[in-house]
Amino acid sequence: MNPLTAPFDTVVLAGEPFMGVVPAGHRLRIVDLEGNQAVDTLFYNAADTHEHYSAQDTIQQQGNIYLTTGSVLRSNRGRPLLTIAADTCGRHDTLGGACSAESNTVRYALEKRHMHNCRDSFLLALAQHAGALEKRDLPSNINFFMNVPVTPAGGLEFADGISGAGRHVELAAAMDVLVLISNCPQLNNPCNAYNPTPVRVLAWAPD
Amino acid sequence: MPAITPLWSQILPGGTHWSGVLRRGQSLRLTAQGADANVAALFYSREQPLERYNMADTLKAQHTAHLAAGCVCYSDMGRILCAITADTLGWHDPLCGLTDKAAIDARYGATSYQQQRNARHVSGREAMLVELGKYGLGERDLVANVNFFSKVVVDAAGGMQWVAGHCQDGDAVDLRFEMDCIVLLHAGPHPLAAGTRHAPPDVQLEVYRSAPVAVQDACRHRCPENERGYLNTERHIAA
């Protein structure tokens with residue numbers, strides 16, 4: 001797929017992928033239009049896509065597993081890719097990863113393999129992209145607007161969303177970044193309130 | 001820990017790295033040789049290394065944010081690379097990733113081969129990149145790892161706290177391989193470990209033939225998800 005280049009303002013329908021390029025200094029905003037929608041997101045250094053968002057570098061550096069205003073999204077080379085400049089949701093997930101046909105067979109039933117899922121969206125977007133990205137280049141992603149609490153006893157829950165209609169997250173790009181989104185089609189757990197909905201994605205140069 | 005007859009054993013000196021192939025039917029025992037040991041580990045299918053350990057799928061399938069006996073390590077293809085069949089600790093960290101050179105230098109002071117020779121500090125990221133390279137793999141294949149022997153608790157606000165003294169001399173964990181795997185290990189300090197003295201303990205590696213899998217295997221029957229993970233794995237192996 002052809003990435004949009006900033007400035008852009010588009011609606012990503014439920015279950016669809018999106019790719020865009022956001023130059024250094026530009027802002028990127030993702031709006032949860034109807035509420036409780038998981039937005040599976042990866043970032044790459046647009047000039048060298050072997051450098052990409054790293055959940056581990058990010059949470060290690062900030063000492064916290066959740067993302068919110070002030071969080072620096074770091075690459076696998078430890079460098080800042082983007083910073084969260086505003087967040088009206090309050091918490092975003094770094095651990096839940098993306099749903100896939102194969103993980104759906106494990107988590108729900110072998111027969112769920114045919115259901116649409118985020119990794120299929122990622123793979124199709126990358127296959128139709130002119131770049132050299134492929135499955136190797138899919139590390140653990142961010143789930144914007146998704147609520148995956150970890151308990152002090154080490155439990156992991158997929159809880160009802162804390163987002164709502166119109167909540168948004170806004171990021172400032174620290175380098176030229178390629179953004180890859182799967183607007184999650186998962187129907188088997190409450191990450192999308194069992195009803196995947198569209199999101200709005202905007203990028204612009206600040207004044 | 002169950003009694004075993006090792007096929008071979010070796011000491012992985014603290015701070016160093018290792019890789020090898022461990023096959024279905026083999027198990028690996030890691031035994032800490034001192035307090036606060038840490039072993040960063042990664043697993044790849046030997047048949048197709050694009051199939052690799054997947055942190056998120058491992059945690060989601062088992063509804064856990066820590067690993068212990070009874071848990072398995074899932075690949076991104078819905079299959080089980082290895083199972084944690086025994087362990088003395090009850091908690092291994094799957095969240096925190098690796099150290100990099102900047103972090104190691106900042107915490108322990110810069111070292112170099114020219115100054116320290118083989119006592120120099122090698123970061124987790126450098127260690128894994130070296131071992132990956134031996135199989136034609138590289139930076140793109142470096143995914144979230146397990147940190148065996150380490151415990152990091154997460155508070156209600158998401159804050160992460162490394163637990164000192166969690167691992168003591170002699171603590172051990174057994175991994176039963178369910179697929180032929182490329183295994184990467186680094187016995188360096190945990191990325192959130194406290195202290196400024198770089199003294200990661202040695203770790204003993206022992207490889208042995210896995211015991212026959214019981215009908216009521218604890219890993220397989222930990223949860224319905226793992227039963228399906230084993231079905232996926234058996235279909236793949238039988239093909």
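**A buried helix, a central strand and the contact between two chains**

All eight of the eight residues of helix α1 (residues 55-62) of chain B are buried, so this helix is largely enclosed by the rest of the structure. Here a residue is called buried if 20 or more other C-beta atoms lie within 10 Å of its own, exposed if 12 or fewer do, and partly exposed in between, with C-beta atoms placed from the backbone. Helices (H or I, at least four residues) and strands (E, at least two) are DSSP runs, numbered from the N terminus. This is a predicted model, in which local features need pLDDT of at least 70 and side-chain atom pairs count only at pLDDT 80 or more, while totals for chains, interfaces and linings use all residues. Residues are numbered from 1 along each chain as its sequence is written, and chains are lettered from A and ligands numbered from 1 in the order in which they are written.

The buried residues of α1(B) are B:Met55, B:Ala56, B:Asp57, B:Thr58, B:Leu59, B:Lys60, B:Ala61 and B:Gln62. What covers them? The cover includes α2 of chain A, together with β5 (72-74) and α5 (224-238) of chain B. Two residues are in contact if their C-beta atoms, placed from the backbone, lie within 7 Å. Just after the helix comes B:His63, whose phi is positive, near 50°.

Stepping back to the whole of chain B, there are five helices and 12 strands. With 239 residues, a compact globule would have a radius of gyration near 18 Å, and the 17 Å of chain B agrees with this. The radius is taken over C-alpha atoms, and the globule rule is 2.2 Å times the number of residues to the power 0.38. The C-alpha trace of chain B spans about 55 × 40 × 35 Å along its principal axes. Buried residues make up 53% of the 239 residues in chain B. Among contacts in chain B with a separation of 6 or more, 79% are between residues 24 or more positions apart.

How many residues does each chain bring to the contact between them? Chain A gives 32 residues and chain B gives 42 residues. On the side of chain A that touches chain B, α1 (55-62) and α2 (101-107) of chain A each supply at least two residues. By class, this side of chain A has 11 nonpolar, 15 polar and six charged residues. In this count Ala, Val, Leu, Ile, Met, Phe, Trp, Tyr, Cys and Pro are nonpolar, Asp, Glu, Lys and Arg are charged, and the others, Gly among them, are polar.

Chain A also holds an enclosed strand. Seven of the seven residues of strand β10 (residues 177-183) of chain A are buried, so the strand is largely enclosed by the rest of the structure. In a regular strand the side chains alternate between the two faces of the sheet. In β10(A), A:Val177, A:Val179, A:Ile181 and A:Asn183 point one way, while A:Leu178, A:Leu180 and A:Ser182 point the other way.

Which strands pair with β10(A)? Strand β3 (residues 17-22) of chain A runs antiparallel to β10(A) and is joined to it by six bridges, and strand β5 (residues 39-45) of chain A pairs with β10(A) in the antiparallel sense over seven bridges. Strands count as paired if DSSP finds at least two bridges between them. On the β3 side, A:Val22 stands opposite A:Val177 and A:Met19 stands opposite A:Leu180. A:Val39 stands opposite A:Asn183. These strands belong to an open sheet of five strands in chain A, in the order β1-β3-β10-β5-β8, with mixed pairing. At the edges stand β1 (4-5) and β8 (142-144) of chain A, each with a single partner strand, so one side of each is left without a neighbour in the sheet.

A:Val177 appears again in the largest nonpolar core. Of the 118 residues in this core, A:Val177, B:Val39, B:Ala41, B:Phe43 and B:Cys181 touch the most other members. The largest share of the core, six residues, comes from strand β4 (residues 39-45) of chain B. A nonpolar core is a set of buried Ala, Val, Leu, Ile, Met, Phe, Trp, Tyr and Cys residues joined through C-beta atoms within 7 Å. Not counting residues up to four places away in sequence, B:Val39 touches B:Leu30, B:Phe148, B:Phe149, B:Leu185, B:Ala187 and B:Val203.
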